[in-house]
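Q: Let us go through this structure slowly, asking of each label what value lies behind it and which definition that value meets.

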Amino acid sequence: MIERYTKPEMGQIWTEFNEWDTLKQVEILASEAQAELGNIPKEAAKEIREKAAFSVDRIHEIEAETHHDIAAFVSNLSENIGEAGKYVHLGLTSTDVKDTALGSMLKQASDILIKDLEDFHAVLRRRAVEFKYTPCIGRTHGIHAEATTFGLKLCNWMAEIERDIDRMKHAKETIAVGKISGAVGTYADVDPFVEQYVCEHLGIAASPISSQTLQRDRHAEYVTTLAVIASSIDKMATEIRHLQRTEVREAEEYFSPKQKGSSIMPHKRNPITCERMCGLARVIRGNAQAALEDVALWHERDISHSSVERVILPDSTIALDYMLQTFTRVIDKLLVYPDKMMADLNLTGGLIYSPIILNTLVEKGAVREQAYRWVQRNAMKRWIDGEDFLENLKKDEDVKKYMTEAEIEGCFDVNKMLSHVDTIFARFGI
C-alpha cells in the first residue's frame with residue numbers, strides 16, 4: 001500500500017521561495033537593528049520592510065552574471081526597494097544571512113518532527129496497553145528464549161521514542177541559532193546588537209561565538225540525531241518484517257481490500273512499507289556521515305559544506321517526517337494474531353520453561369551447575385530427537401530427587417514469566 005505524504009508543511013519549508021523569503025526577513029530585521037543604532041535612517045528601515053520583494057527568476061538572472069546567489073538576492077531586493085535599498089545588507093557577509101535563516105528554518109523543521117514523534121508515541125502507548133497481557137515468545141539470537149508479551153515489545157519501542165523526543169528537542173536547541181558577526185566572526189563591520197536583535201525577533205538564539213560560519217558540529221549533531229531516530233524506526237520495521245514472515249505470521253502490515261502484493265502471485269501480502277522504512281533509514285544514516293564530513297572547514301570558513309547541506313538537510317528532514325507519519329500508520333493499523341503468538345510460544349514443547357525448572361531445582365538445594373546439566377540433557381532430547389521435555393523431566397532420576405511431578409508440571413506456566421508486566425508498565429504511568 002502506497003502511503004500518501006499527508007503533511008506538506010515540511011516540504012514547504014525547503015522550497016526555494018521560502019528560503020529566499022526567510023533570508024528577506026533576516027535582511028529586514030538587520031536593517032531595523034541598524035536603524036536602532038542610528039547607522040541608517042529609520043525611514044529607510046521602514047521603507048525596506050514595506051518594499052522588500054524578490055523574484056526567484058530575477059535572482060537566477062542576476063546570479064547568471066555574478067555567480068553568487070546571496071549577492072544576486074541582495075541586488076534584487078535593492079532594485080525593488082529603491083533609494084533605501086542602498087542600506088540593505090549593511091556590514092553583513094553572506095553567511096550572516098544564510099546561516100541565520102537556516103537556523104530559523106531548521107527550528108521550524110524540528111517543531112514538525114517533534115510533533116510527529118509525539119503522535120507516534122501516543123499510538124505506541126495505546127497499542128502497548130491493548131496487548132499488555134498478550135503472551136508471545138521472546139527471541140534471542142533469533143531462537144526462542146522465554147515468554148514476553150506483545151505489549152512489552154511495543155512498550156519498549158515507546159520508551160525508545162521518548163528518548164528520541166528528548167534527543168530531538170536537544171538537537172533543536174543546538175541548531176536553532178543564528179550569527180551576524182561578520183567576515184571572520186569579530187563583529188568588525190557590524191555591531192553585536194544587530195545579531196541579538198535579528199535572532200530575538202526570529203525566535204532563535206544568537207551564537208555566543210562564531211567564525212564566518214556557525215560551527216558545523218551543530219549541524220552534524222542535528223543530522224546524526226535524525227539518523228538515530230530513523231534507526232529506531234528501522235529497528236521496529238525490521239521486527240515487523242520478521243513477524244510477517246510466512247513461517248511466523250504473528251503480526252503484519254494492514255492489507256487493504258484492493259491492494260496487490262505481487263503482479264504475478266495473487267496470494268502475496270508483503271511488508272513493503274516496513275521495507276521502505278528500512279531503506280530510507282539508510283539514506284538518512286548516509287546523510288549523517290556527510291554532515292560529519294562537513295565539520296572540518298578550512299580556517300574561518302570555506303564553502304565545501306554548502307553544497308552538501310543543500311541536499312542533506314531538506315532530504316533528511318523531509319524523509320524523517322515521511323517515515324514518522326507513515327510508520328505511525330503502520331503501528332496504528334498493525335494486524336496482530338494472538339493465537340499464532342501462543343502457538344509459536346508452545347512450538348518447542350515447553351523448552352522455554354527450562355529456566356523455571358533450573359531455578360526451582362537450585363531453590364530446593366541442587367548445585368546449580370549440576371542442575372543445569374540435568375535440565376539441558378532433557379532439553380536436548382527434545383531439540384534433537386523430538387522427545388517430550390515434560391515427560392522426560394518427570395522420569396529423570398536426578399530431577400526427581402528434588403521435585404515432584406506436580407512441582408515440575410507447575411513450572412510449565414507462562415504466567416510465571418509474566419508476573420512483573422504491571423511493574424514495567426507502571427514505570428511509564430500505564
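Q: Which residues do ring pairs link into a cluster?

A: In this predicted model, where local features need pLDDT of at least 70, side-chain atom pairs count only at pLDDT 80 or more, and totals for chains, interfaces and linings use all residues, the cluster is made of Phe17, Trp20, Phe54 and Phe73, joined by ring pairs. Residues are numbered from 1 along each chain as its sequence is written, and side-chain values use heavy atoms, with hydrogens and water left out.

Q: How many aromatic pairs does a search of the whole structure find, and what makes two rings a pair?

A: The search finds nine. Rings of Phe, Tyr and Trp (for Trp, its six-membered ring) pair if their centres lie within 6.5 Å, and the pair is called stacked if the planes are under 30 degrees apart, edge-to-face if they are over 60 and tilted in the remaining cases.

Q: Why is the pair of Trp20 and Phe73 called stacked?

A: The ring centres of Trp20 and Phe73 are 5.0 Å apart, which meets the distance limit for a pair, and the planes lie at 20 degrees, which falls under the limit for stacking, so the pair is stacked. Trp20 belongs to helix H2 (residues 16-37) and Phe73 to helix H5 (residues 69-81), so the pair ties together parts that are 53 residues apart in sequence. Helices here are DSSP runs of H or I with at least four residues, strands are runs of E with at least two, and both are numbered from the N terminus.

Q: How do you know whether Trp20 and Phe73 are buried or exposed?

A: The label depends on relative accessible area, found with a 1.4 Å probe and protein chains only: under 20% is buried, over 50% is exposed, and values in between are partly exposed. Trp20 has 6% and is therefore buried, and Phe73, at 0%, is buried as well.

Q: What makes the pair of Phe120 and Phe327 edge-to-face?

A: The planes of Phe120 and Phe327 are 70 degrees apart, with 5.8 Å centre to centre, and the angle is over the edge-to-face limit given above, so the name follows. Phe120 lies in helix H6 (residues 94-130) and Phe327 in helix H11, so this pair ties together parts that are 207 residues apart in sequence. Both Phe120 and Phe327 are buried.

Q: Why are H2 and H5 called roughly perpendicular or roughly parallel to each other?

A: H2 and H5 pack at an angle of about 70 degrees, with their axes 11 Å apart. Axes are lines fitted to C-alpha atoms, for helices over the stretch in contact, and angles run from 0 to 180 degrees between N-to-C directions. Angles under 35 degrees count as roughly parallel, over 145 as roughly antiparallel, 65 to 115 as roughly perpendicular and the rest as oblique, so H2 and H5 are roughly perpendicular.

Q: Which residues meet where H2 packs on H5?

A: Contact means heavy atoms within 4.5 Å, and on this basis Trp20, Leu23, Lys24 and Glu27 of H2 meet Asp69, Ile70, Phe73, Val74 and Leu77 of H5. By class, this contact has six nonpolar, no polar and three charged residues, where Ala, Val, Leu, Ile, Met, Phe, Trp, Tyr, Cys and Pro count as nonpolar, Asp, Glu, Lys and Arg as charged, and the others, Gly among them, as polar.

Q: How do H9 and H11 lie relative to each other?

A: Helix H9 (residues 217-243) and helix H11 (residues 304-332) pack at about 30 degrees, with their axes 10 Å apart, so by the angle limits already given H9 and H11 are roughly parallel. Among the residues that meet are His219, Val223 and Ile233 in H9 and Ile312, Leu320 and Phe327 in H11. The contact of H9 with H11 divides into 17 nonpolar, three polar and one charged.

Q: What is unusual about the phi of Tyr187?

A: Most residues other than glycine have a negative phi. Tyr187 is not a glycine, yet has a positive phi of about 60 degrees. Tyr187 is found in the loop between strand E3 (177-178) and helix H8 (192-202), and its relative accessible area of 22% makes it partly exposed.
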